[in-house]
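Morning, everyone. Please look at the sequence and the model on the screen, and I will walk you through them.

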There are 2 protein chains.
Amino acid sequence: MADVARRAGVSAQTVSRVSNGHPSVVGSTREQVLAAMRELGYRPNSAARALKYGQFRTIGVILFTLSSVGNSRTLEAIVDQAAEEGYAITLIPVAVPTRDGVLGAFTRLGELAVDAVIVIMEIHLLDAATVSLPAGVPVVVVDSDADDRYTVVDTDQVDGARQAVRHLLDLGHRTVWHVAGPEESFAAERRATAWRTELEGAGRVVPPLSRGDWSAESGYRAGLALAGEPDCTAVFAANDQMALGLLRAFHEKGKVVPRDVSVVGFDDIPDSGSFVPPLTTVHQDFTEVGRRCVERVVRQVRNEPVGPGTTLVPTRLVLRASTAGPPA
Amino acid sequence: MADVARRAGVSAQTVSRVSNGHPSVVGSTREQVLAAMRELGYRPNSAARALKYGQFRTIGVILFTLSSVGNSRTLEAIVDQAAEEGYAITLIPVAVPTRDGVLGAFTRLGELAVDAVIVIMEIHLLDAATVSLPAGVPVVVVDSDADDRYTVVDTDQVDGARQAVRHLLDLGHRTVWHVAGPEESFAAERRATAWRTELEGAGRVVPPLSRGDWSAESGYRAGLALAGEPDCTAVFAANDQMALGLLRAFHEKGKVVPRDVSVVGFDDIPDSGSFVPPLTTVHQDFTEVGRRCVERVVRQVRNEPVGPGTTLVPTRLVLRASTAGPPA
DNA sequence: CGCCGCCATGTTTGCGTAAACATGAAGTCT
DNA sequence: AGACTTCATGTTTACGCAAACATGGCGGCG
C-alpha cells in the first residue's frame, strides 16, 4: 500500500480510501491511485483487513462427507447464497465421524478464520462436542434434532414422509414398507417415525423396518429381501439412491415396478427421473435450505439475534412412473 | 492474549510461546499459561497470525458447480488432503459460467485470504481470465487443456475412453457409438477424440456423434434416437449419468441391455453398480486427483517449484452386466 | 472584506501476534 | 573466584490496514 501511495504521490490513507470506495476522494486523485494500483498489481491484504475489522467475512461449514447428494447440493446452495451476501465459505471436514473427530473439527474451527459456522450433520455427535464450541460463534445446524440451543434449518422430513405414505395408501395399498437410513441419522429417524405414525394413524399394519445406509447397494440388499415378501406391494425408501437399489432388486427378482410393487423415494435427485421406471419421490428443496442457513447465520453475525428454533423447508411429492395401485 | 498474560502473571510473548509450543518455556510456567487460556477461553486470532506470517494456510478452490458427481468428489478429496497438510479450503463459486463470471471469481480471489488456488473447470473460460490471475499465486488446474502455463492434474481421459472402446470392440461389436458431453468441456472433448481415434485405429466406421450435457435426461434423449439405429449395438457414454439415461431409453424402446445393445459409462459413480443392469464403466480415481492437486499446490506454496506440466491419474475399466457380445 | 465551516487529504494510532533483541539469573569452566 | 555461557522470560517492533483526529485551502455568508 505504501508503494502505491508513493507512486500516486498521495498518502497511504488515500489509497485505503480509494480501495474501499470512500466518497471523499476527488476524481483526479482517485484516477492516479487506481493507475498506481494497476501498475503495481496491488491487492489488499485480507489478513490485515480482518485484523482491523475483527471479522473475516467467512462462514465455516462443518460436514462429514460430500458423497451424499443432499450434502453437496446443500453446500452448493450455501456457497452461492454466501457469495451473494459477501461471505466466503471455508470447509471444515470431519475426517472420521466419531466423537473425537467432531471435537477435532471444532478445535480446528476455533483457530480458523470464520465468523460463524454451519453444521451439516447428525447432532448425535454434535451433542458430545457442544462443550468445545467456541462461545460467541454463531451456529446454524442442518439435519439435526430440533434442539433449542441452536438455530436449526431443515427440510420438513415429517411432512415429506407423510406425503409419500399417504400417496401409496391413497393408491389403494394395504400398507407401506419402509427402507430406512442409518440409525445415526436424525433425518432417517424422523422419516421412519413419520412413516410409522402415518400408518398407525390410518389404522394399518406396520410392517417390519428394513435399514440401509443411504447407498444404492444397501437398498438393493433390502430389496432382495422385500421381493420375497408376497404382501409387499408398496415401499417407501428413505432416499432415492436406496430406491434405485430397490428397483434393481425387484427387476432381478422378476417383480415389475409399478405393476407388482410401487416404490417411492426421497430427495428427488436429478437422476431419479431417469431411473427405470422414473421414480416417484419426495422433492427436497436443498437450495432453500442452504439459503436460509446463510441468511440466519449472517443475521446472527450482524447481531440481529434470531432466537434458536427450527425453520422447516417444505417438501413436495413428485409423481412419476414408479407408483400405481396394488396388483389386482 | 494480554488478558491471558496478566492472569498467568507472565508476558504476552510467553503466552505466544506456549500457544505455539515453543520449547523454551519451563513446565510450571507453561501450566499456568494453559490454565489461564482455558479459564479465559482464549483462542488465537488467525487474522493477526496470518498478518504476521504472510500466509493463510488456506487454499482457494474455484468451481462452477457441485452438482456433478465428479466435482463434488474431487472437492471432497481436496478437502481431506488439505486438512491433512494443515490447510483449510475456501470455496470460490463462479455463479455464471461465462467469461465475466470467471473474471469476477478471480477478482474476488484477489481479495480472499488464500495462499494458492485450485481451479476445477473448463479452461476455455480460464484462458480469457488468465490476465487477471494475481501474479505470485500458485495455481493448479483440474480438467483442463494440457496448458503448459499451469500445473495440471487430471484423470487420464484418453486412456479411459480407449479402454471403453477397446472393451466393446473386443466383445465383437463392429463399431461403437458415442454420447459425448458438452462441447465446452475439455474432458468431454478428449473422451470423444479418443473414442474416434481408437475406432479409426482399428479401422472401424465412426458413427455420428450424439451430444448430451452430462445429465441423465440428455442421455435419455440421445438413447431414444440411438434406439432407432438398427446398427447400434454398442454405446460408450461420456459419463455414468448419461449412461443411466441410455439404459432407460433402451428399456422403454424394448431393447434389452446387454443382449441387444451394450453400454459403457465413465466415472464409476457409486450408484452405477445398482443401475439396471449394473453398468460397465471407466473408474476415475477422484481421490487421487484431489490428493495430487493439493500436494502440488502446497509444494508451490512452500517454494519447491513444480514446473508446469500435466499429471495424469490412471483409470480402470470396471466390468459389470451392461456389456456383452453383439446380438447374433 | 473577513470570518466560518466544509471538504479533500495527511498523520497518528492500534488491531493481535511473533520475530528479534534485551535482560538477568543460574550454572560452568579455568 | 571471576568471567563466560546458557536459558527462561521480558521488551520492542513491525506485519497492512483504516478509524480517528489533524491540517490547510477554498467558497459562502454577513
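**A walk through the model**

Let's start with one residue. At 22% relative accessibility, Arg190(B) counts as partly exposed. Here are the cut-offs: buried means under 20% relative accessible area, exposed means over 50%, and partly exposed is in between, with a 1.4 Å probe and protein chains only. Arg190(B) sits in helix 9 of chain B, residues 186–201. Helices are DSSP runs of H or I with at least four residues, strands are runs of E with at least two, and both are numbered from the N terminus. From Arg190(B) to Ala180(B) is 10 residues in sequence and 9.7 Å in space, C-alpha to C-alpha.

Some ground rules. This is a predicted model, where local features need pLDDT of at least 70 and side-chain atom pairs count only at pLDDT 80 or more, while totals for chains, interfaces and linings use all residues. Residues are numbered from 1 along each chain as its sequence is written, chains are lettered from A and ligands numbered from 1 in the order in which they are written, and side-chain values use heavy atoms, leaving out hydrogens and water.

Now Ser210(B). Is Ser210(B) buried or exposed? Ser210(B) counts as buried, at 15% relative accessibility. Its place is strand 7 of chain B, residues 210–211. Leave out residues up to four places away in sequence, and Ser210(B) touches His178(B), Val179(B), Ala180(B), Ala222(B) and Leu226(B). A contact here means heavy atoms within 4.5 Å.

Next, Thr58(B). This residue is in strand 1 of chain B, residues 58–63. Thr58(B) is buried, at a relative accessible area of 8%. A polar atom of its side chain lies 3.1 Å from the backbone oxygen of Phe56(B). For a polar contact we want a pair of N or O atoms within 3.5 Å; within protein, one must be able to donate a hydrogen and the other to accept it, and residues adjacent in sequence count only if both atoms are side-chain atoms. Beyond four places in sequence, the contacts of Thr58(B) include Tyr87(B), Ile89(B), Thr90(B) and Asp115(B).

On to the cores. A nonpolar core is a set of buried Ala, Val, Leu, Ile, Met, Phe, Trp, Tyr and Cys residues joined through side-chain atoms within 4.5 Å. The largest one has 48 residues. Which residues have the most contacts inside it? They are Leu75, Ile89 and Ile118, from chain A and from chain B. Take Ile118(B): beyond four places in sequence, its contacts include Ile59(B), Val61(B), Ile78(B), Val140(B) and Val297(B). Another core lies apart from that one, with 45 residues, among them Ala222(A), Ala227(A), Ala237(A) and Val235(B).

How do the two chains relate? A turn of 180° and a shift of 0.1 Å along the axis lay chain A on chain B with an RMSD of 0.1 Å. That is the relation of a two-fold axis. The same surface serves both copies: 98% of the contact residues of chain A recur in chain B. The superposition is by least squares on the C-alpha atoms of residues with pLDDT of at least 70 in both.

Last, the DNA. Near means that a heavy atom of the residue lies within 4 Å of the strand.

Strand D has 23 residues around it, and Met1(A), Gln13(A), Tyr42(A), Thr14(B) and Thr29(B) come nearest. Sugar and phosphate make up 55% of the DNA strand D atoms within 4 Å of the protein. Ser16(A) has a side-chain N or O atom 2.8 Å from a phosphate oxygen of DNA strand D. For Arg49(A), the value is 3.0 Å. Val26(B) uses a polar backbone atom, 2.9 Å from a phosphate oxygen of that strand. Which helix gives the most to this surface? Helix 4 of chain A does, with 5 residues. By class, this surface has 10 nonpolar, 9 polar and 4 charged residues. Ala, Val, Leu, Ile, Met, Phe, Trp, Tyr, Cys and Pro count as nonpolar, Asp, Glu, Lys and Arg as charged, and the others, Gly among them, as polar.

Now strand C. DNA strand C is surrounded by 23 residues, and the closest are Thr14(A), Thr29(A), Lys52(A), Met1(B) and Gln13(B). Here helix 4 of chain B gives the most, with 5 residues. A side-chain N or O atom of Ser16(B) is 2.7 Å from a phosphate oxygen of DNA strand C. For a polar side-chain atom of Asn20(B), the value is 2.9 Å. Thanks, that's my tour.
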